[in-house]
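Take a walk through this structure, beginning with one aromatic residue and widening the view from there. Keep the sequence at hand along the way.

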Amino acid sequence: MSRFLILVYGICSYIVGLGGLIFFILFIGGWDFLPIHIDSGTPGPLGIALLINVGLVLLFGLQHSVMARPGFKAIWTQVIPKAAERSTYVLLSGVILCLISLYWQALPGTLWHIDYPILRTAITVVQLLGWTLLVMASFVINHFELFGLQQVYFNFVNQPEPTPTFTDRFLYKLVRHPIQLGVLIGIWFAPTMTLTHLMLSTTMSVYIFIGLYYEERDLMATLGQEYKDYMGQVSRLLPLPTRSPSAK
């Protein structure tokens, strides 16, 4: 594959990945102006709905976790160009987020519904702040590397990629994983929490905590003592004082 085609592939993957993320954010926000959102569906057979929903989250979790592991990357980059590896990850992430948004099955029932306008608005603002935190955190660590654009660009100009560096500034001085914290805020702060929404928030949260376990294991293997010291100084998701690496 030529360097130009890899660049075009990376740009297209970025558009799909970012588009899928935006679609998911709007979908789970339950915005009434959208034709499809988390609460727009009609409940069908419960068993089938549960199977489809669990399958969608498993697909998302397996793609995210397996493709992010160094062992898989070593094998995968023997099949595709190394410069396109991250773009492929981003492309598939966007596609799967679209699948979740399009095919998530409705469940009957509502856990809470807040009618009080001021409180409803306040919760919605916090939800939006969560998604804003996700975006800000991606730029703190290098948004373009995270979404694969940096890799295809340096491959296109035939220059080596900058060596990845450990980041512990700004948001990363407060928590080790502000991106995941932003997602958790975004999916849980909802003025209306139907059981449809609850299942998506719960299953995605379970995946996030499982994914963080493997991500931190890889980071410790890659960065060694530097990251272990960081774990002892900064908590995982909540900006709280830490006592020791084992206390987080």
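**An aromatic starting point**

Trp31 has a relative accessible area of 25%. That value makes Trp31 partly exposed, because it lies between the 20% limit for buried and the 50% limit for exposed. The model is a predicted one.

Look next at Phe33. Its relative accessibility is 60%. Phe33 therefore counts as exposed, since the cut-off is over 50%.

How many aromatic pairs does the count come to? The answer is ten. Trp31 and Phe33 form an aromatic pair, with 6.2 Å from centre to centre. The angle between their planes is 35°. This pair counts as tilted because stacked planes must be under 30 degrees apart and edge-to-face planes over 60.

**A lysine in a loop**

Now move along the chain to Lys173. Which elements flank the loop that holds Lys173? Helix H7 (149-156) comes on one side and helix H8 (178-188) on the other. Lys173 has a relative accessibility of 55%. That is over 50%, so Lys173 is classed as exposed.

What does Lys173 touch, once its neighbours within four places in sequence are set aside? Its contacts are Asp168 and Val234. Val234 sits 61 residues from Lys173 along the chain. In space, the C-alpha atoms of Lys173 and Val234 are separated by 6.6 Å.

**The whole chain**

Step back to the full fold. The chain has ten helices and two strands. Read from the N terminus, the order of elements is α-α-α-α-β-α-α-α-α-β-α-α. The radius of gyration is 19 Å, and the globule rule gives 18 Å for 248 residues. These values are close, so the chain is as compact as a globular protein of that length. Along the principal axes, the C-alpha trace spans about 55 × 45 × 30 Å.

Contacts add to the picture. Consider those between residues at least 6 apart in sequence. Of these, 79% join residues at least 24 apart.

Finally, turn to burial and surface. Buried residues account for 42% of the 248 in the chain. The accessible surface amounts to about 13400 Å². Carbon and sulfur atoms contribute 70% of that surface. As for charge, the chain carries 14 positive and 12 negative charges. The mean positions of these two sets lie 6 Å apart.

Definitions and conventions: Residues numbered from 1 in each chain as written. Predicted model: local features only at pLDDT ≥ 70, side-chain atom pairs only at ≥ 80, totals over all residues. Heavy atoms only, no water. Helix = DSSP H or I, 4+ residues; strand = E, 2+ residues; numbered from the N terminus. Rg over C-alpha atoms; globule rule 2.2 N^0.38 Å. Buried < 20%, exposed > 50% of the residue type's maximum accessible area, 1.4 Å probe, protein only. Contact = heavy atoms within 4.5 Å. Areas by Shrake-Rupley, 256 points an atom, 1.4 Å probe, with all protein chains shown as cover. Lys, Arg positive; Asp, Glu negative; His and termini not counted. Charge placed at Lys NZ, Arg CZ, Asp CG, Glu CD. Phe/Tyr/Trp six-rings, centres within 6.5 Å; stacked < 30°, edge-to-face > 60°.
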